[in-house]
Amino acid sequence: MSGALAGLIGIAVMLALAPVPARAADDQWDDGRHWVSVRAGFAKSGARFAPGGSFGYGFGYTWFLARNVAWSASAGYDLLGSYGAAAEIEVPITTDFTRHFQWSTQARPYLGVGWGAIYHKTYRTSADLSDFRQGIYVAAGANSVLSAGSLIGFDVRWMMEQDTRSINP
């Protein structure tokens with residue numbers, strides 16, 4: 001893990017755990033709340049012969065169906081790795097359900113499960129290919145309130161993807 005990535009993760013964890021005044025009337029995890037999110041971070045494939053990993057980013061929409069229970073939909077772009085001009089990318093379009101836990105007023109951890117369709121592509125190789133795959137995943141993380149309309153969070157997803165061959169030269 002690079003020093004810059006470790007530093008960003010450290011800053012995100014510190015901000016997520018920073019004390020924030022609790023306001024029951026402004027609870028962001030209440031029934032009917034809606035979130036729009038932006039994410040950025042590390043992306044890697046666990047397939048045999050896969051590249052070493054790179055970066056990913058995306059956006060999402062979350063709707064709280066009940067207090068601390070949410071449904072989300074998201075889309076992203078993941079550069080799984082590159083070698084010279086060749087690259088392997090994925091564009092996941094996912095949906096999930098999460099359960100948020102009120103363990104403290106500063107940060108609320110969550111666990112979730114989801115499903116997604118993934119556009120997978122290798123390009124600038126001698127045998128470019130693209131296809132759609134599907135996968136299921138588990139998610140874990142935590143969110144913390146920064147202000148009445150802003151939150152910050154840390155999210156980890158582990159996806160089991162259908163047909164994860166990475167045999168392209």
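# Exercises on a predicted model

Leaving aside neighbours within four places in sequence, W29 touches W35, F64, A66, R67, N68, H100, R108, N143, V145 and L151. The coordinates are those of a predicted model.

**Exercise 1. Place W29 in the nonpolar interior and state which aromatic cluster it belongs to.**

Step 1. Take the contacts of W29; W35, F64 and V145 are among them.

Step 2. Compare with the largest nonpolar core, which has 5 residues: W29, W35, F64, A70 and V145. A member of such a core must be buried, meaning under 20% relative accessible area.

Step 3. Look at the rings. W29, W35 and F64 form one aromatic cluster.

**Exercise 2. Describe the overall layout: which elements occur, and what share of residues is buried?**

Step 1. Count the elements: there are 1 helix and 7 strands. Read from the N terminus, the order is α-β-β-β-β-β-β-β.

Step 2. Of the 169 residues, 34% count as buried. The exposed area is about 10000 Å², of which carbon and sulfur atoms supply 66%.

Step 3. Consider contacts with a separation of 6 or more: 52% of them are between residues 24 or more positions apart.

**Exercise 3. Analyse the salt bridges D30 to R67, R39 to D155 and E161 to R133 by location and by accessibility.**

Step 1. The structure holds 9 salt bridges. In the one between D30 and R67, the closest N and O atoms are 2.4 Å apart. D30 sits in the loop between α1 (3-17) and β1, and R67 in the loop between β2 and β3 (69-83), so this pair ties together parts 37 residues apart in sequence. D30 is partly exposed at 25% relative accessibility, and R67 is partly exposed at 38%.

Step 2. R39 and D155 meet at 3.7 Å, N to O. R39 belongs to strand β1 and D155 to strand β7, 116 residues apart. R39 has a relative accessible area of 31% and is partly exposed; D155, at 32%, is also partly exposed.

Step 3. E161 and R133 meet at 3.0 Å, N to O. Because E161 lies in strand β7 and R133 in strand β6, the pair ties together parts 28 residues apart in sequence. E161 counts as buried at 18% relative accessibility, and R133 counts as buried at 7%.

Step 4. Check for shared partners: D27, D30, R67 and R108 are joined into one network of salt bridges.

**Exercise 4. Classify the ring pair F55 and Y57, then say whether each residue is buried, partly exposed or exposed.**

Step 1. The number of aromatic pairs is 7. For F55 and Y57 the centres are 6.4 Å apart and the planes make an angle of 10°.

Step 2. Planes under 30 degrees apart count as stacked, so the F55 and Y57 pair is stacked.

Step 3. F55 has 40% relative accessibility and is partly exposed. Y57, at 46%, is partly exposed as well.

**Exercise 5. Locate the nonpolar surface patch and the elements that give two or more residues to it.**

Step 1. V113, W115, I136, V138, W158 and M160 make a nonpolar surface patch of about 640 Å².

Step 2. β5 (108-123), β6 (129-147) and β7 (150-161) are the elements giving two or more residues to the patch.

Step 3. Take I136, which is found in strand β6. Its relative accessibility is 48%, so I136 counts as partly exposed.

**Exercise 6. Is S45 buried or exposed, and what does S45 contact?**

Step 1. S45 is in the loop between β1 (34-43) and β2 (54-66).

Step 2. Its relative accessible area is 14%, so S45 is buried.

Step 3. Outside its neighbours within four places in sequence, S45 contacts A50, P51 and L80.

Notes:
Residues numbered from 1 in each chain as written. Predicted model: local features only at pLDDT ≥ 70, side-chain atom pairs only at ≥ 80, totals over all residues. Heavy atoms only, no water. Patch = residues over 30% accessible without salt bridge, like charges linked within 9 Å, V, L, I, M, F, W, Y side chains within 5 Å. Areas by Shrake-Rupley, 256 points an atom, 1.4 Å probe, with all protein chains shown as cover. Salt bridge = Lys/Arg side-chain N within 4 Å of Asp/Glu carboxyl O. Helix = DSSP H or I, 4+ residues; strand = E, 2+ residues; numbered from the N terminus. Buried < 20%, exposed > 50% of the residue type's maximum accessible area, 1.4 Å probe, protein only. Contact = heavy atoms within 4.5 Å. Core = buried A, V, L, I, M, F, W, Y, C linked by side-chain atoms within 4.5 Å. Phe/Tyr/Trp six-rings, centres within 6.5 Å; stacked < 30°, edge-to-face > 60°.
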